Amino acid sequence: YETFWQSDGSQPHLINVQFFKKTYISCVKIYTDFKLDESYTPKEISVRVGLHDHDLREIHKMELNEPDGWIVIPLNIRVFLLQLAILSNHQNGRNTHLRQIKVCVPADSDYKFSHRYCNDEMRSYAMDR
(Lines give C-alpha, C1' and ligand atoms only; values in the text may rest on other atoms or scores of the structure.)
Protein backbone atom coordinates (compact mmCIF):
# COMPACT_ATOMS: atom_id res chain seq x y z
CA TYR A 1 0.00 0.00 0.00
CA GLU A 2 1.40 3.37 -1.03
CA THR A 3 -0.71 5.53 1.28
CA PHE A 4 -0.69 5.53 5.05
CA TRP A 5 -1.98 7.24 8.17
CA GLN A 6 0.80 9.11 9.91
CA SER A 7 0.86 10.44 13.44
CA ASP A 8 2.56 13.61 14.53
CA GLY A 9 3.47 14.51 18.10
CA SER A 10 3.99 12.70 21.35
CA GLN A 11 2.85 9.18 22.15
CA PRO A 12 0.44 7.58 22.59
CA HIS A 13 -0.98 8.19 19.13
CA LEU A 14 -4.74 7.75 19.11
CA ILE A 15 -7.21 6.73 16.42
CA ASN A 16 -10.89 7.06 17.39
CA VAL A 17 -13.75 5.41 15.50
CA GLN A 18 -17.17 6.57 16.67
CA PHE A 19 -20.48 5.00 15.64
CA PHE A 20 -24.00 6.52 15.54
CA LYS A 21 -25.36 3.57 17.48
CA LYS A 22 -23.88 0.69 19.44
CA THR A 23 -22.23 -1.47 16.78
CA TYR A 24 -20.98 -5.04 16.94
CA ILE A 25 -17.32 -5.31 15.91
CA SER A 26 -15.85 -8.72 15.22
CA CYS A 27 -12.25 -7.60 14.65
CA VAL A 28 -9.87 -4.82 13.71
CA LYS A 29 -7.24 -5.35 11.02
CA ILE A 30 -4.11 -3.22 10.76
CA TYR A 31 -1.69 -3.37 7.84
CA THR A 32 1.96 -2.55 8.60
CA ASP A 33 5.19 -2.80 6.63
CA PHE A 34 8.32 -2.85 8.79
CA LYS A 35 10.66 -3.03 5.76
CA LEU A 36 9.33 0.30 4.44
CA ASP A 37 8.55 2.11 7.67
CA GLU A 38 11.22 0.86 10.13
CA SER A 39 11.09 3.16 13.20
CA TYR A 40 7.60 4.36 12.15
CA THR A 41 6.23 0.83 12.67
CA PRO A 42 4.12 0.28 15.82
CA LYS A 43 5.60 -1.99 18.48
CA GLU A 44 2.87 -1.87 21.13
CA ILE A 45 -0.85 -1.34 20.43
CA SER A 46 -3.77 -1.01 22.83
CA VAL A 47 -7.44 -1.36 21.87
CA ARG A 48 -9.90 0.55 24.04
CA VAL A 49 -13.69 0.74 23.92
CA GLY A 50 -16.42 2.75 25.59
CA LEU A 51 -19.48 4.97 25.26
CA HIS A 52 -17.35 8.10 24.85
CA ASP A 53 -13.73 9.14 25.32
CA HIS A 54 -14.09 9.63 29.10
CA ASP A 55 -15.00 6.02 29.95
CA LEU A 56 -12.65 4.03 27.72
CA ARG A 57 -11.35 0.71 28.99
CA GLU A 58 -8.56 -1.38 27.53
CA ILE A 59 -9.75 -4.73 26.18
CA HIS A 60 -6.72 -5.83 24.19
CA LYS A 61 -3.01 -5.06 24.24
CA MET A 62 -0.36 -6.56 22.00
CA GLU A 63 3.32 -6.27 21.27
CA LEU A 64 4.49 -6.59 17.66
CA ASN A 65 7.87 -7.79 16.46
CA GLU A 66 8.79 -6.23 13.09
CA PRO A 67 5.30 -6.82 11.64
CA ASP A 68 4.80 -7.10 7.90
CA GLY A 69 1.26 -7.50 6.58
CA TRP A 70 -2.15 -7.73 8.21
CA ILE A 71 -2.45 -7.92 11.98
CA VAL A 72 -5.86 -9.23 13.05
CA ILE A 73 -7.17 -8.27 16.48
CA PRO A 74 -10.29 -10.30 17.36
CA LEU A 75 -12.78 -8.31 19.48
CA ASN A 76 -16.41 -9.61 19.36
CA ILE A 77 -17.89 -6.63 21.21
CA ARG A 78 -20.61 -3.97 20.79
CA VAL A 79 -19.34 -0.40 21.10
CA PHE A 80 -20.09 3.26 20.46
CA LEU A 81 -16.41 4.24 20.47
CA LEU A 82 -13.36 2.24 19.45
CA GLN A 83 -9.89 3.62 20.10
CA LEU A 84 -6.57 2.29 18.82
CA ALA A 85 -3.61 3.58 20.80
CA ILE A 86 -0.07 3.25 19.48
CA LEU A 87 1.92 3.10 22.71
CA SER A 88 5.41 2.66 21.25
CA ASN A 89 7.26 2.15 17.97
CA HIS A 90 10.17 0.01 16.84
CA GLN A 91 13.66 1.47 17.29
CA ASN A 92 12.17 4.06 19.70
CA GLY A 93 10.56 5.92 16.79
CA ARG A 94 8.42 8.92 17.58
CA ASN A 95 5.78 9.00 14.82
CA THR A 96 3.77 6.12 13.38
CA HIS A 97 2.72 4.84 9.96
CA LEU A 98 -0.29 2.56 9.54
CA ARG A 99 -0.76 1.47 5.94
CA GLN A 100 -4.43 0.49 6.37
CA ILE A 101 -7.01 -0.03 9.10
CA LYS A 102 -10.17 -2.10 8.73
CA VAL A 103 -12.98 -2.36 11.26
CA CYS A 104 -14.90 -5.59 10.67
CA VAL A 105 -18.53 -6.35 11.43
CA PRO A 106 -20.23 -9.71 10.83
CA ALA A 107 -21.63 -10.18 7.33
CA ASP A 108 -25.09 -10.82 8.78
CA SER A 109 -25.01 -7.62 10.85
CA ASP A 110 -28.31 -5.79 11.24
CA TYR A 111 -26.53 -2.46 10.77
CA LYS A 112 -28.55 -0.45 8.26
CA PHE A 113 -27.54 2.81 6.63
CA SER A 114 -30.06 5.60 6.90
CA HIS A 115 -28.24 7.79 4.38
CA ARG A 116 -29.48 8.22 0.84
CA TYR A 117 -26.65 8.31 -1.64
CA CYS A 118 -26.95 10.56 -4.65
CA ASN A 119 -24.85 8.60 -7.16
CA ASP A 120 -23.56 5.10 -7.96
CA GLU A 121 -20.04 5.85 -6.77
CA MET A 122 -21.27 6.74 -3.27
CA ARG A 123 -23.61 3.74 -3.21
CA SER A 124 -20.66 1.44 -3.95
CA TYR A 125 -19.19 2.36 -0.54
CA ALA A 126 -22.42 1.85 1.36
CA MET A 127 -21.36 -1.47 2.88
CA ASP A 128 -17.75 -0.57 3.68
CA ARG A 129 -17.34 0.02 7.37
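Okay, let's start with Ile45. Its bridge partner in strand S5 is Ile86. That pairing belongs to a bigger pattern: strands S3 and S5 run antiparallel, and 8 bridges join them. Keep in mind that what you see on the screen is a predicted model.

Now, S5 has another partner. Which strand is joined to S5 by 16 bridges? That's S2, and these two run antiparallel as well. If you want one spot to look at, find Tyr31, which stands opposite Trp70 in S5.

Let's go to the inside. A general point for those of you new to this: in soluble globular proteins, nonpolar side chains tend to be buried together. Here, the largest nonpolar core has 19 residues. The ones with the most contacts inside that core are Ile25, Ile30, Leu75, Val79 and Leu82. Where do core residues come from? Strands S2, S3 and S5 each supply at least two of them, and S5 gives the most, with 8 residues. In case you're scrolling along, S2 covers 13-33, S3 covers 42-50 and S5 covers 68-89.

Let me zoom in on Ile30. Who does Ile30 touch, once we leave aside its neighbours within four places in sequence? Quite a list: Ile45, Gly69, Trp70, Ile71, Ile73, Leu84, Leu98 and Gln100. You'll recognise Ile45 there, the residue we paired with Ile86 in S5 a minute ago.

Right, on to charges. How many salt bridges does a search of the whole structure find? It finds 4, and I'll walk you through some of them.

Take Asp68 and Lys35. Their side chains meet in a salt bridge at 3.6 Å, N to O. Asp68 is in strand S5 while Lys35 is in helix H1, residues 34-37, so this pair links distant parts of the chain, 33 residues apart. Are these two buried or exposed? Lys35 is exposed, with a relative accessible area of 66%, and Asp68 is partly exposed, at 46%.

Next up, Asp37 and Arg99. This salt bridge comes in at 2.5 Å, N to O. Asp37 is in helix H1 and Arg99 is in the loop between S6 and S7, 62 residues apart. Both of these residues are buried. Why does Arg99 count as buried? Because its relative accessibility is 9%, and the cut-off for buried is under 20%. The loop holding Arg99 runs between strand S6, which is 97-98, and strand S7, which is 100-104. The two side chains also make a polar contact, again at 2.5 Å.

One more pair: Lys61 and Glu44, whose side chains meet at 3.5 Å, N to O. Lys61 sits in strand S4, residues 57-63, and Glu44 in strand S3, 17 residues apart. Lys61 counts as partly exposed at 47% relative accessibility, and Glu44 counts as partly exposed too, at 22%.

Last stop, Asp8. You'll find Asp8 in the loop between strand S1, which is 5-6, and S2. Asp8 is exposed, with a relative accessible area of 71%. Not counting residues up to four places away in sequence, Asp8 touches His13 and Asn95. And have a look at His97: Asp8 and His97 are 89 residues apart in sequence, but 9.9 Å apart in space, C-alpha to C-alpha.

That's my tour, thanks for listening!

Conventions
Residues numbered from 1 in each chain as written. Predicted model: local features only at pLDDT ≥ 70, side-chain atom pairs only at ≥ 80, totals over all residues. Heavy atoms only, no water. Core = buried A, V, L, I, M, F, W, Y, C linked by side-chain atoms within 4.5 Å. Buried < 20%, exposed > 50% of the residue type's maximum accessible area, 1.4 Å probe, protein only. Helix = DSSP H or I, 4+ residues; strand = E, 2+ residues; numbered from the N terminus. Contact = heavy atoms within 4.5 Å. Pairing = 2+ DSSP bridges. Polar contact = N/O pair within 3.5 Å; in protein donor to acceptor, adjacent residues only side chain to side chain.
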